[in-house]
Amino acid sequence: MARRRGPVSSFRYHRAWPLAGLMVSISLVTLGAYSAWLALLALPPLVWTWWAWHAGTDADQDGLRVRALLGRRRIEWSRVDTLVPDQRGRIVATTTDGRALLLTAVTRADLPRLTAVTGSPQAG
């Protein structure tokens with residue numbers, strides 16, 4: 001496993017999100033006392049809680065690591081063509097082969113901090 005060089009910027013959703021999802025899940029599990037089928041109502045908030053805790057983007061001098069619900073993807077800076085905001089203010093990385101990748105938990109306000117870790121004077 002390669003070691004990262006230089007600073008790492010991590011972008012995550014607010015930590016109140018998974019806490020709220022966990023509280024909703026616990027509340028719904030108590031319905032299981034009435035029926036086991038009602039306890040299944042807790043599954044969607046549990047999945048949402050896992051996503052809110054796990055999802056995010058890490059950026060270092062080598063590239064980006066984007067984490068989603070079930071997987072993660074690593075992209076080197078040499079493969080990133082542009083970093084642009086979409087209509088909702090989220091950042092999308094366009095790669096040199098024309099693919100677009102939504103950077104989880106990165107907003108327009110985070111763009112200067114994201115590009116600062118590249119180690120080059122002109123980023124993105």
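**Charged and aromatic side chains in a predicted model**

Let me begin with one residue: Asp-60 is buried, with a relative accessible area of 1%. Please keep in mind throughout that this is a predicted model.

Where does Asp-60 lie, and which part of the chain holds its partner Arg-74? The side chains of Arg-74 and Asp-60 meet in a salt bridge, with 3.1 Å from N to O. This pair links distant parts of the chain, since Asp-60 belongs to the loop between strand S2, residues 56–59, and strand S3, residues 63–67, while Arg-74 belongs to strand S4, residues 72–76, and the two are 14 residues apart. Unlike the buried Asp-60, Arg-74 is partly exposed, at a relative accessible area of 33%.

Arg-74 also forms a salt bridge with Glu-76, where the closest N and O atoms are 3.9 Å apart, and Glu-76 counts as partly exposed at 35% relative accessibility.

How many salt bridges does a search of the whole structure find? The search gives six, and one of them joins Arg-90 to Asp-86, with the closest N and O atoms 3.0 Å apart. In that pair Arg-90 is partly exposed, with a relative accessible area of 30%, whereas Asp-86 counts as buried at 16%. Elsewhere, salt bridges that share partners join Arg-12, Asp-58 and Arg-65 into one network.

Let me now turn to the aromatic side chains. The structure holds five aromatic pairs, and among them is the tilted pair of Tyr-13 and Trp-51, which lie 4.8 Å centre to centre with 40° between the planes. This pair, too, links distant parts of the chain, for Tyr-13 is in the loop between strand S1 (9–12) and helix H1 (16–29), and Trp-51 is in helix H3 (residues 43–54), 38 residues apart. Both rings belong to partly exposed residues, with Tyr-13 at 21% relative accessibility and Trp-51 at 23%.

Trp-51 has a further tilted partner in Trp-48, at 6.3 Å centre to centre and 45° between the planes. Why are these two separated by about one helical turn? Because Trp-48 and Trp-51 are three residues apart in helix H3, about one turn separates them. Trp-48 counts as partly exposed as well, at 36% relative accessibility. Taken together, Tyr-13, Trp-17, Trp-48 and Trp-51 form one aromatic cluster.

I will close with a contact that brings both themes together, in which the charged end of Arg-15 sits over the ring of Trp-53, 4.2 Å from its centre.

Key:
Residues numbered from 1 in each chain as written. Predicted model: local features only at pLDDT ≥ 70, side-chain atom pairs only at ≥ 80, totals over all residues. Heavy atoms only, no water. Salt bridge = Lys/Arg side-chain N within 4 Å of Asp/Glu carboxyl O. Helix = DSSP H or I, 4+ residues; strand = E, 2+ residues; numbered from the N terminus. Buried < 20%, exposed > 50% of the residue type's maximum accessible area, 1.4 Å probe, protein only. Phe/Tyr/Trp six-rings, centres within 6.5 Å; stacked < 30°, edge-to-face > 60°. Lys NZ or Arg CZ within 6 Å of the ring centre and 35° of its normal.
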